Amino acid sequence: VVLVESGGGLVQPGGSLRLSCAAWGSVFISDTMAWYRQAPGKQRDMVASIVSGHTNYADSVKDRFTISRANGKSDLQMDNLLPEDTAVYYCQLRRASGEEYWGQGTQVTVSS
């Protein structure tokens with residue numbers, strides 16, 4: 001499976017961005033699709049995940065970010081962005097068996 005992210009960029013605080021992740025290969029309904037982010041000097045943390053219609057969010061992005069999924073594609077709608085949301089965002093696909101696939105990452109910068 002190859003994951004390709006798009007939609008990153010520079011946005012002012014309070015603005016919005018929509019990230020997209022397209023999966024090329026076999027994707028199953030039991031697979032979890034998730035978004036992670038990694039800021040410079042920090043660990044990679046989960047932002048949001050979705051599987052079988054069930055979603056999960058990090059506390060820091062609840063009520064601001066929305067994850068969605070349609071077949072092998074996942075979007076992350078990010079609203080009311082804050083400077084601390086600046087990071088490289090990665091798409092992940094995780095099989096029920098535990099096997100993981102990662103995208104190459106897309107930079108999101110929130111700055112005035």
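Me: Leaving aside its neighbours within four places in sequence, which residues is Phe65 in contact with?
Reply: This is a predicted model, and everything said here about Phe65 and the other residues is read from that prediction. Two residues are in contact when their heavy atoms come within 4.5 Å of each other. With the neighbours up to four places away set aside, the contacts of Phe65 are Arg37, Val47, Tyr57, Leu76, Gln77, Met78, Asp79, Leu81, Asp85 and Tyr89.

Me: In the largest nonpolar core, which residues touch the most other members?
Reply: The largest nonpolar core holds 27 residues, and β3, β4 (32-38), β5, β7 (65-70), β8, β9 and β11 (106-110) each contribute at least two residues to this core. Within this set, the residues that touch the most other members are Trp35, Val47, Phe65, Leu76, Met78 and Tyr89.

Me: Is Ser74 buried or exposed?
Reply: Ser74 belongs to strand β8, and, neighbours up to four places away in sequence aside, it touches Leu19, Ser20, Cys21, Met33, Trp35, Ile67, Ser68 and Arg69. The side chain of Ser74 also makes a polar contact of 3.3 Å with the side chain of Trp35. A residue is called buried when its relative accessible area is under 20%. Because the relative accessible area of Ser74 is 0%, this residue is classed as buried.

Me: With which residue does the side chain of Asp85 meet in a salt bridge?
Reply: Asp85 is found in the loop between β8 and β9, and its relative accessible area of 0% makes it a buried residue. Not counting residues up to four places away in sequence, Asp85 touches Arg37, Arg64, Phe65, Asn80, Val108 and Val110. The salt bridge, with an N to O distance of 2.9 Å, joins Asp85 to Arg37.

Me: How many residues apart in sequence are the parts that Asp85 and Arg37 tie together?
Reply: The side chains of Asp85 and Arg37 meet in a salt bridge, and Arg37, at 14% relative accessibility, counts as buried. Asp85 sits in the loop between β8 and β9 while Arg37 sits in strand β4, so the pair ties together parts of the chain whose separation in sequence, in residues, is 48.

Me: Which residues are joined into one network by salt bridges that share partners?
Reply: A search of the whole structure finds six salt bridges. One of them joins Arg18 and Asp75, whose closest N and O atoms are 3.2 Å apart, and this pair links strand β3 with strand β8 across 57 residues of the chain. Lys73 also forms a salt bridge with Asp75, with the closest N and O atoms 3.0 Å apart. Through these shared partners, the residues joined into one network are Arg18, Lys73 and Asp75.

Me: What is the relative accessibility of Asp75?
Reply: The two salt-bridge partners of Asp75 can be considered beforehand: Arg18 counts as partly exposed at 43% relative accessibility, and Lys73 is partly exposed as well, with a relative accessible area of 38%. Asp75 itself counts as buried, because its relative accessibility is 10%.

Me: How far apart in space, C-alpha to C-alpha, are Gly103 and Ala23?
Reply: Gly103 is found in the loop between β10 (100-102) and β11, and at 11% relative accessibility it counts as buried. When residues up to four places away in sequence are not counted, Gly103 touches Leu3, Glu5, Tyr90 and Cys91. Although Gly103 and Ala23 are 80 residues apart in sequence, their C-alpha to C-alpha distance in space is 9.0 Å.

Me: Which residues make the nonpolar surface patch of about 320 Å²?
Reply: One of the residues involved is Trp24, which is found in strand β3 (residues 17-24). At 59% relative accessibility, Trp24 counts as exposed. The residues that together make this nonpolar surface patch of about 320 Å² are Val2, Val4 and Trp24.

Me: What is the phi of Asn80, which is not a glycine?
Reply: Asn80 has its place in the loop between β8 (73-78) and β9 (87-94), and this residue is partly exposed, with a relative accessible area of 43%. Ser52, in the loop between β5 (45-51) and β6 (54-57), is a residue other than glycine with a positive phi, near 50°. For Asn80, phi is likewise positive, at about 50°.

Methods. Residues numbered from 1 in each chain as written. Predicted model: local features only at pLDDT ≥ 70, side-chain atom pairs only at ≥ 80, totals over all residues. Heavy atoms only, no water. Helix = DSSP H or I, 4+ residues; strand = E, 2+ residues; numbered from the N terminus. Buried < 20%, exposed > 50% of the residue type's maximum accessible area, 1.4 Å probe, protein only. Patch = residues over 30% accessible without salt bridge, like charges linked within 9 Å, V, L, I, M, F, W, Y side chains within 5 Å. Areas by Shrake-Rupley, 256 points an atom, 1.4 Å probe, with all protein chains shown as cover. Salt bridge = Lys/Arg side-chain N within 4 Å of Asp/Glu carboxyl O. Polar contact = N/O pair within 3.5 Å; in protein donor to acceptor, adjacent residues only side chain to side chain. Core = buried A, V, L, I, M, F, W, Y, C linked by side-chain atoms within 4.5 Å.
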